[in-house]
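I opened a fresh page for this one and wrote down what I looked up, entry by entry. Have the structure beside you as you read.

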Amino acid sequence: MSLVSLVYGHGFCSVMSDGLATDSFGNVLDSNMEKYIKINRRTVIGFAGSYRQYENGSNLYDVIIDFCKKAISENGIRKALNKIMEFIEELPFYEQAGKVIVAIVYTGNTKSNKNPLILRAANDPNITSGIEELTKETSLGYAVLEPNHKEGYQTGSDYLRELLIEQKELNLDTIRNCQKLLNQYVSSIDETVNNQTSQIILK
């Protein structure tokens, strides 16, 4: 499984992930995997869930990334996000080893008066997919991809929200520190998440 956090605002996005990648049987494939891809200077995708093969033998995440790049290059951003959401929702889901969760952040474009957008999409029928817009009245948004939440513990999303609220000043340094603290918290209670973090910033 995985942990990926995305904190974004008007013109920026900070993405951080743990590095542990395992197959459907729990075998470790990589301890330093970056679970995000920069699509272009305003768009980034984070992905979490089962690291497995697609129907044609390709790696599933490679298939997802290729689809996202094509959709975004050929369509306006909202249309592209809707196409991607439909594609993710239709991926085969297996209770034990088939969960896929994706978040895509578009940081907006002040010149064309476009606000930031975030897509959350999953093939798990218990997870609601959707697209949200960050309005001018709201300075910050966030998402946490946490496929393997431990019952009885605070969710990663709630934990990150509290950390962000506690900050006297929110900038890229304090946001990054909050994301690191989130990763430390989740990796301490979930063996499918490690503390080897990587990060990308769009601004």
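**Entry 1: surface and overall build**

I started with the outside of this predicted model. The protein chain has an accessible surface of about 10300 Å², and carbon and sulfur atoms own 44% of that area. Next I noted the secondary structure, which comes to four helices and eleven strands. The radius of gyration is 16 Å against the 17 Å that the globule rule gives for 203 residues, so I wrote the chain down as being as compact as a globular protein of that length. Along the principal axes, the C-alpha atoms fill a box of roughly 45 × 40 × 30 Å.

I then looked up burial and found that 49% of the 203 residues count as buried. For contacts with a separation of 6 or more, 58% join residues 24 or more positions apart. I also checked the charges: there are 21 positive and 25 negative side chains, and the centres of the two sets lie 10 Å apart.

**Entry 2: the cores**

Which residues touch the most other members of the largest nonpolar core? I found I45, I64, I84, I88, V102 and I104, in a core of 28 residues. I listed the elements that give two or more residues to this core: strand 6 (43–49), helix 1 (60–74), helix 2 (77–89), strand 7 (100–106) and strand 8 (117–122). Helix 1 supplies the largest share, with eight residues.

I followed I45 a little further. Beyond four places in sequence, I45 touches K35, Y36, I37 and I39. The list for I45 goes on with I64, C68, V102, A103 and I104.

A separate core of 18 residues lies apart from the largest one, and its members include C13, V44, A48 and I118.

**Entry 3: V15, a buried strand residue**

I went to strand 2 (residues 12–17), where V15 sits. Is V15 buried or exposed? With a relative accessible area of 0%, V15 is buried. I set aside neighbours up to four places away and found that V15 touches V4, S5, L6, Y36 and V44, together with Q179, S198, Q199 and I200. For a distance check I picked E74: V15 and E74 are 59 residues apart in sequence, and their C-alpha atoms are 25 Å apart in space.

**Entry 4: two residues from one loop**

The loop between strand 7 and strand 8 holds T107, and N113 has its place in that loop too. I looked up both.

T107 has 5% relative accessibility; that is under the 20% limit, so T107 counts as buried. Leaving out neighbours within four places, T107 is in contact with G9, H10, G11, F12 and C13, and also with R42, P116 and L202. I also took the C-alpha distance from T107 to T43, which is 6.5 Å for two residues 64 apart along the chain.

N113 has a relative accessible area of 56%, and since exposed means over 50%, N113 is exposed. I made a note of the backbone as well: N113 is not a glycine, although phi is positive here at about 60°.

**Entry 5: N32**

Where is N32 found? I located N32 in the loop between strand 4 (28–30) and strand 5 (36–40). N32 has 55% relative accessibility and counts as exposed. Beyond four places in sequence, the contacts of N32 are with G19 and Q196. From N32 to S17 the C-alpha distance is 9.4 Å, with their positions 15 residues apart in sequence.

**Entry 6: H149**

My last stop was the loop between strand 10 (140–145) and helix 3 (156–166), where H149 lies. How large is the relative accessible area of H149? I read 29%, and H149 is partly exposed. Setting aside residues up to four places away, I found that H149 touches Q154 and T155. I finished with D190, which is 41 residues from H149 along the chain, with 7.9 Å separating their C-alpha atoms.

Technical notes:
Residues are numbered from 1 along each chain as its sequence is written. This is a predicted model: local features need pLDDT of at least 70, side-chain atom pairs count only at pLDDT 80 or more; totals for chains, interfaces and linings use all residues. Side-chain values use heavy atoms; hydrogens and water are left out. The radius of gyration is taken over C-alpha atoms; the globule rule is 2.2 Å times the number of residues to the power 0.38. Buried means under 20% relative accessible area, exposed over 50%, partly exposed in between (1.4 Å probe, protein chains only). Contact means heavy atoms within 4.5 Å. Accessible areas come from the Shrake-Rupley method with a 1.4 Å probe; for residues, only the protein chains shown count as cover. Lys and Arg count as positive and Asp and Glu as negative; His and the chain ends are not counted. The place of a charge is taken as NZ of Lys, CZ of Arg, CG of Asp or CD of Glu. A nonpolar core is a set of buried Ala, Val, Leu, Ile, Met, Phe, Trp, Tyr and Cys residues joined through side-chain atoms within 4.5 Å.
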